[in-house]
Each structure stands twice: as structure tokens, then as C-alpha cells.
Amino acid sequence: MKKAFQSWLTYVIGGALFLVAAGIAIIPDIVDNYVASMDEWTSQYIFLFIGIVYIFVGFVWQDLIKALNRRKNKNWDGPLPEEVANTAWARCAPFYFAAILSIIGGIIFTFVVI
């Protein structure tokens, strides 16, 4: 787990995922201010929902990596090798980082109106 959060690539990918979430949440909210025909669009709910989706994707991807290794090696209840655990954390850490940023963004946009 430490290796995943010490890598700069984790933060770059997590930041890119957060920018995707911000684009999905904020751009339609800005357009909504200039177009009278759109229904009310609230960006805080979109931020929070995307944060939950990122947590789910990160957890499932990590679990799939571990499950595939357990099935391949027939190691159903023993400890996993260190390299498999590090690989699983390296795959899910950007999603967790982006989820934290997205949830913080949703909390901020709950109190700040665009």
C-alpha cells in the first residue's frame, strides 16, 4: 500500500480522473446558467455520485486482481504474495485518490453556488 501512494503516477492518474469528474459535474452547471430551458443541475450530487462510483471501481478492480491470482494458484485462504498485493493497490489507489477529491469537491459545492 505504501508503494502505491509513494508513486507520482498514482497522483497524476487520480488527478486526471478528478478532472473528468469535475468536467462532468461543473460544465453542465455553467451551461445551465446561460440556457433557460435546462432543468436544475446540481453539481454537488454529481461530484458525490462520481466519488462513490470511483470507490466502487477501485474496490472491484483490486478484488478482481486478487481473485484471479487466488484462482490461478489455488490459494483460497492463504496470504497473497507481496507483489500481488502491491499490484492490486497500484491499480486501485488512483481511483481512491480521485474519489476523495471528488467527495471533497461535492462537499465544497454544497456550500458554494456557481
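# Exercises on a predicted helical model

At 17% relative accessibility, Asn-86 counts as buried, a value that, like the others below, comes from a predicted model.

## Exercise 1: The surroundings of Asn-86

Place Asn-86 in the secondary structure, and determine which residues Asn-86 touches once those up to four places away in sequence are not counted.

Solution. Begin with the secondary structure, where the place of Asn-86 is in helix α4. Next, classify its accessibility: buried means under 20% relative accessible area, and Asn-86, with 17%, is therefore buried. Then look for contacts beyond the sequence neighbours, which for Asn-86 are Met-1 and Lys-3. Finally, take a distance along the chain: Asn-86 and Thr-110 are separated by 24 residues in sequence, and their C-alpha atoms are 36 Å apart in space.

## Exercise 2: The nonpolar cores

Identify the residues of the largest nonpolar core and work out which helix gives the most to this core.

Solution. The first step is to list the members, and the largest nonpolar core consists of seven residues: Leu-17, Ala-21, Ile-50, Tyr-54, Phe-95, Ala-98 and Ala-99. The second step is to assign them to helices, whereby α2 (8-34), α3 (43-73) and α4 are each found to supply at least two residues of this core. Of these, α4 gives the most, with three residues. The third step is to follow one member outward: leaving out residues up to four places away in sequence, Leu-17 touches Tyr-54, Pro-94, Phe-95 and Ala-98. Another core lies apart from the largest one and has five residues, among them Ala-22, Ile-26, Phe-47 and Phe-109.

## Exercise 3: Aromatic pairs

Count the aromatic pairs in the structure, and classify the geometry of the pair formed by Tyr-11 and Phe-97.

Solution. The structure holds seven aromatic pairs. For Tyr-11 and Phe-97, the ring centres are 5.0 Å apart and the planes meet at 85°, so this pair is edge-to-face, given that planes over 60 degrees apart are put in that class. Because Tyr-11 lies in helix α2 and Phe-97 in helix α4, the pair ties together parts that are 86 residues apart in sequence. Turning to accessibility, Tyr-11 counts as partly exposed at 35%, and Phe-97 is also partly exposed, with a relative accessible area of 23%. The rings of Trp-89 and Tyr-96 can be treated in the same manner: their centres are 6.1 Å apart and their planes stand at 70°, so the pair is edge-to-face. Tyr-96 is buried, with a relative accessible area of 18%, and ring pairs link Phe-5, Trp-89 and Tyr-96 into a cluster.

## Exercise 4: Gln-62 and Ile-103

Decide whether Gln-62 is buried or exposed, and find the residues beyond the sequence neighbours with which Gln-62 and Ile-103 are in contact.

Solution. Start with Gln-62, whose place is in helix α3. Its relative accessibility is 8%, so Gln-62 counts as buried. Leaving aside neighbours within four places in sequence, Gln-62 is in contact with Ala-88, Trp-89, Cys-92 and Tyr-96, of which Trp-89 and Tyr-96 belong to the ring cluster with Phe-5. Continue with Ile-103, which is found in helix α4 and, at 26% relative accessibility, counts as partly exposed. With the same exclusion of neighbours within four places, Ile-103 is in contact with Leu-48, Gly-51 and Ile-55. Its C-alpha atom is separated by 21 Å from that of Ala-90, 13 residues apart from Ile-103 along the chain.

## Exercise 5: The surface and the loop

Name the residues that form a nonpolar patch on the surface, and state where Lys-74 lies.

Solution. The patch is formed by Ile-100, Ile-104, Ile-107, Ile-108, Phe-111 and Val-112, which together have about 620 Å² of accessible area. One of these, Ile-104, has its place in helix α4 (residues 82-111) and is partly exposed, with a relative accessible area of 43%. Lys-74, for its part, lies in the loop between α3 and α4. The relative accessibility of Lys-74 is 61%, so Lys-74 counts as exposed. As a last step, consider the backbone: phi of Lys-74 is near 55°, a positive value in a residue other than glycine.

Terms used:
Residues are numbered from 1 along each chain as its sequence is written. This is a predicted model: local features need pLDDT of at least 70, side-chain atom pairs count only at pLDDT 80 or more; totals for chains, interfaces and linings use all residues. Side-chain values use heavy atoms; hydrogens and water are left out. Patches are made of residues with over 30% relative accessible area and no salt bridge: like charges are joined within 9 Å, nonpolar side chains (Val, Leu, Ile, Met, Phe, Trp, Tyr) within 5 Å. Accessible areas come from the Shrake-Rupley method with a 1.4 Å probe; for residues, only the protein chains shown count as cover. A salt bridge is a side-chain nitrogen of Lys or Arg within 4 Å of a carboxyl oxygen of Asp or Glu. Buried means under 20% relative accessible area, exposed over 50%, partly exposed in between (1.4 Å probe, protein chains only). Contact means heavy atoms within 4.5 Å. A nonpolar core is a set of buried Ala, Val, Leu, Ile, Met, Phe, Trp, Tyr and Cys residues joined through side-chain atoms within 4.5 Å. Rings of Phe, Tyr and Trp (its six-membered ring) pair if their centres lie within 6.5 Å; planes under 30 degrees apart count as stacked, over 60 as edge-to-face and the rest as tilted.
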